[in-house]
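Thanks for coming, everyone. Please put the structure up on the screen, and I will walk you through it.

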Amino acid sequence: MNSTNLTVPVAPVAKLEQRRPLARPSSTNLKANDLVIVIVAIFAIVTAAWAMTGGWNQVSSGWSHAWRAAASLTGLYTSLFGMVGLTLSARLKTMERAIGLDRLLNWHRIAGDTMGLLLAVHIFTSIPAEMPVRGGFINTVLDFTGREPYMALTAIGSALVAVVVVLSLKDIRNKISYETWYFVHLTVYFGLAASFSHQITLGSMLSNDRYVRLVWVGSSIAIFATALFGRWWKVFGSVARPLHVRAVSKETGDTVSVLLGGRNVLRLRGDAGQFVMIRSLVRGQWWKTNPYSLSAVPTTAGLRVTIKNRGDASSATRHLRVGDRMAVEGPYGVTTPEVFGDKRPLFIAGGVGVTPVCALLQRLPSDSRPTVLLRARHESEVAHLSEIRALATRCGGEVFVLTGRTAALKGKDPFSARSLSRVVPELSSRVALVCGPTALMFAARRGLREAGVSKDDIHMEMPWW
Amino acid sequence: MSSDNSSPTSRFALARRLAPALALTSAGVALINVLDRPVDLSASGSAGVADIGGSTEAGAGQTVTGATVPAPTTTTVTAATVVTSTVPPVNGATPDTTPVTTPAPASAPAACGAKKSTGSTTDIVDRNRVFGTLVVTAKFASNGELCGVAVNFDVWDRKSVQIEQYALPKLNARAKKAKSANIQGVSGATAVSRAYAASLQAAIDAKPL
Ligand SMILES: Cc1cc2nc3c(=O)[nH]c(=O)nc-3n(C[C@H](O)[C@H](O)[C@H](O)COP(=O)(O)OP(=O)(O)OC[C@H]3O[C@@H](n4cnc5c(N)ncnc54)[C@H](O)[C@@H]3O)c2cc1C
Ligand code: HEM
Ligand code: HEM
């Protein structure tokens, strides 16, 4: 670090005695299951409405009817999955508190993929459905691409949805930068809006039943508006009330920790184990957000994040200076200290995945006896290692650092059930938190499951991109 | 890794990443404008079904939940209609391509329509949903035989207009052939077939003697 090299985060700018933890994140009684039930119920209601407004009769009265019925039902489902996906991506507070942003977005991905498939089926059933009344295949296609009112909009809107879905396929997504993908992803708002009108003018159910139509249009507009404004309200809010960089310090060769403070911190609620979406409001960086875990319990003195140099945005953090503004969304995530209950915690972290571990250890009771397994190539690469050791010792726990290159460990999977039970006492009755690269998370989960740790006792934040 | 880059990011980073999204959106908007060539339904109402002496009226556009739908539409379809396949299928209203033989007006000018009778105005209903109404006018030859049918319908959405324009010529043809209201319904148009048969039966029942 050449520029303003600063304080160690543990001795922060604000006077120690003045700082107190931020309010804990709000809790909710909503469970993942409740969300599933609501979604299933919505599908059931729409299916019933479809069946009762003639859909079911159509199915059982000959092919041309059946095609139409299928076009209608798949159209309704396509739209519903779109609406579900939209709602999930809006990160509404109650839903986020219930299942965490990572799961919201992973569910969003499932909804999006499903929507893509259904859209294909919808298009391929609507063509035979309308061929008899439109004079053959060619005429139908011509109608659907512009001769029928609103169908040019629909066709282009669907194309945009299709592009968004295709770009989100893992292999393609990995070839383009996160921001390129994200900006294209935003065009889906336009795509969805553009393909709306035809639902009303053509839909068997919607064009004919006044009350069903009223409910459909009303809820579509409500969901769209909620998602759009709900999402962007948070973005503007975070930019309008940014935090300020209070301190930057180098932790290891390629990680720096940043303390974000200021008056606006008091508006936030958060806890150890959560993460924030950060947007540096400096030249060349303001248009990117990146998720980073809190590496210390958030207090009135500020939020500490510890950032590893991985690419454009993260490397730019090294150039941050005290006073720079940072827009912060969140904190998000549900792996707060409550997940451990009365059980002994087990932390498995790889690389910069130690960050939430460091924060969570600060919040554990002194008799919790946690075990911390850290995976790194070398001890000097583990950020906050001495802090972690001190914190673990304070609550009667142990820290193990598994060093060496992964290739050198070949054959001796450090996360197999056998290796784990050798180092971790009382393994099967623990609550485990796993953070780090995806491969590590999968390996650790497999080992833990084999060692008899129940599924509900394994917590991890799956990446969502 | 660009870790040793002295400048945080290259100047065009944002432009480069924004370009695909902007290109896609502008291409989309442009294509919509190029492709969007909706065929006016009111024109297709008369083009699809040429009628003799019937009045083909398409009402002014009426707004149904934000979408402009020309409705209500009143169209007269008569059995004395020659629908040729040369009429281009316009916008969904594919005319019945099987030509309906017309009683040539010149050879038997008074033969058909010597007597006329108008049936009941019947709702086009599927379960509890009403799409509109129709009323059938039956024409009889001097011998009392059913020889032609004209229908006036009044429906409220564009989809029904399409279905009616598709089904009514067929129904007219079938009625003329069967010389009664005892006809097979048109598949895909059950509601209108039922209403048609009912109204026609009423017209036949009320046949002037
Ligand atoms: C819940 C969570 C907590 C995290 N906590 C930390 C932490 O405490 N410390 C830390 O150093 N890193 C953390 N990360 C990883 C960190 O977010 C990425 O390293 C960072 O986004 C890389 O961005 P970049 O532009 O520098 O790198 P790039 O080279 O642009 O990207 C590197 C990788 O990060 C992904 N990525 C980039 N931007 C985003 C984004 N906005 N959202 C999601 N993925 C993105 C890319 O797809 C790619 O896989 C965390 C990630 C998650 C999901
Ligand atoms: C097919 C796979 C899809 C994947 C993997 C996916 C993934 C994601 C992810 C990771 C985000 C969060 C972006 C961020 O804030 O950093 C997101 C946001 C979003 N997605 Fe998707 N998505 C998919 C499909 C769809 C579809 C089909 C729709 C249309 C309904 C959609 C609509 C949205 C919207 C509206 C947002 C919020 C964007 C914003 O305003 O920030 N996505 N998606
Ligand atoms: C090129 C793409 C598309 C084509 C050709 C198409 C075609 C059609 C057709 C012909 C109908 C009438 C079916 C019927 O008789 O009920 C219809 C209805 C519908 N479509 Fe699409 N559609 C397309 C894209 C979409 C998209 C992207 C969505 C969702 C966002 C969607 C949602 C619906 C809905 C909800 C209905 C109403 C079903 C009903 O009321 O019964 N369609 N579509």
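**Domains, irons and cores**

Let's start with the layout of chain A. The C-alpha centres of domain 2 and domain 3 of chain A are 42 Å apart. Keep in mind that this is a predicted model. The domain assignment splits chain A into three parts. Domain 1 is made of two stretches, 20–26 and 241–332. Domain 2 covers 32–237, and domain 3 covers 337–460.

Now find the iron atoms. Take ligand 2. Which protein residues hold its iron atom? The donors are A:His108 and A:His185, each through NE2, and they lie 1.9 Å from the iron. Count the donor atoms around this iron and you get six. Their angles run from 85 to 179 degrees, so the arrangement is octahedral. Next, where do the two histidines sit? A:His108 is in helix α3 of chain A, and A:His185 is in helix α7, residues 178–194. The pair therefore ties together parts that are 77 residues apart in sequence. Are these histidines buried or exposed? A:His108 is buried, at 18% relative accessibility. A:His185 is buried too, at 17%. Buried means under 20%, so both values fall below the cut-off.

On to ligand 3. Its iron atom is coordinated by A:His122 and A:His198, again through NE2, at 1.9 Å. Six donor atoms surround this iron as well. Here the angles span 89 to 180 degrees, which makes this site octahedral. A:His122 lies in helix α3 of chain A, which covers residues 93–134. A:His198 lies in helix α8, residues 197–202. So this pair links parts that are 76 residues apart in sequence. A:His122 is buried, with a relative accessible area of 15%. A:His198 is buried at 12%. Notice helix α3: it carries A:His122 for ligand 3 and A:His108 for ligand 2.

Next, the cores. Here is the general idea. In soluble globular proteins, nonpolar side chains tend to be buried together. Now look at this model. The largest nonpolar core has 31 residues. Which members touch the most others? They are A:Leu76, A:Ile99, A:Leu101, A:Met205, A:Leu206 and A:Trp216. Several elements of chain A give two or more residues to this core, among them α1 (32–59), α2 (63–89), α10 (210–240) and the strand β3 (275–280). The largest share comes from α3(A), with eight residues. Where does this core lie? Domain 1 and domain 2 of chain A both give residues to it, so it lies between them.

Zoom in on one member, A:Leu206. Leaving out residues up to four places away in sequence, A:Leu206 touches A:Leu76, A:Gln199, A:Ile200, A:Val212, A:Arg213 and A:Trp216. There is also a second, separate core, with 28 residues. Its members include B:Leu146, B:Ala167, B:Leu168 and B:Tyr196.

That brings us to chain B. Chain B has four helices and seven strands. What order do they come in? From the N terminus, it goes α-α-β-β-β-β-β-β-β-α-α. Of its 209 residues, 43% are buried. Take the contacts in chain B with a separation of 6 or more: residues 24 or more positions apart account for 56% of them. The accessible surface of chain B is about 9,900 Å², and 58% of that belongs to carbon and sulfur atoms.

Back to chain A for some local details. A:Thr336 sits in the loop between β6 (325–332) and β7 (344–350). A:Thr336 is buried, at 6% relative accessible area. Its contacts, beyond residues up to four places away in sequence, are A:Pro25, A:Asp271, A:Ala272, A:Gln274 and A:Leu360.

Now the backbone. The peptide bond from A:Gly330 to A:Pro331 is cis, with omega near -10 degrees. A:Pro331 is in strand β6 of chain A.

Two residues have a positive phi to look at. A:Arg369 is not a glycine, yet its phi is about 45 degrees. A:Arg369 lies in the loop between α12 (354–362) and β8 (371–375) of chain A. A:His384 has a phi near 60 degrees, again a positive value in a residue other than glycine. A:His384 is in the loop between β8 and α13 (385–394). Which of these is buried, and which is partly exposed? A:Arg369 is partly exposed, at 37%, whereas A:His384 is buried, at 6%.

That's my tour. Over to you.

Terms used. Residues numbered from 1 in each chain as written. Chains lettered and ligands numbered in written order. Predicted model: local features only at pLDDT ≥ 70, side-chain atom pairs only at ≥ 80, totals over all residues. Heavy atoms only, no water. Donors = N, O, S within 2.8 Å, 3.2 Å for Na, K, Ca; no water. Tetrahedral: all angles 85-135°; square planar, octahedral: opposite > 155°, others 65-115°. Buried < 20%, exposed > 50% of the residue type's maximum accessible area, 1.4 Å probe, protein only. Contact = heavy atoms within 4.5 Å. Areas by Shrake-Rupley, 256 points an atom, 1.4 Å probe, with all protein chains shown as cover. Domains from an automatic or database assignment. Core = buried A, V, L, I, M, F, W, Y, C linked by side-chain atoms within 4.5 Å.
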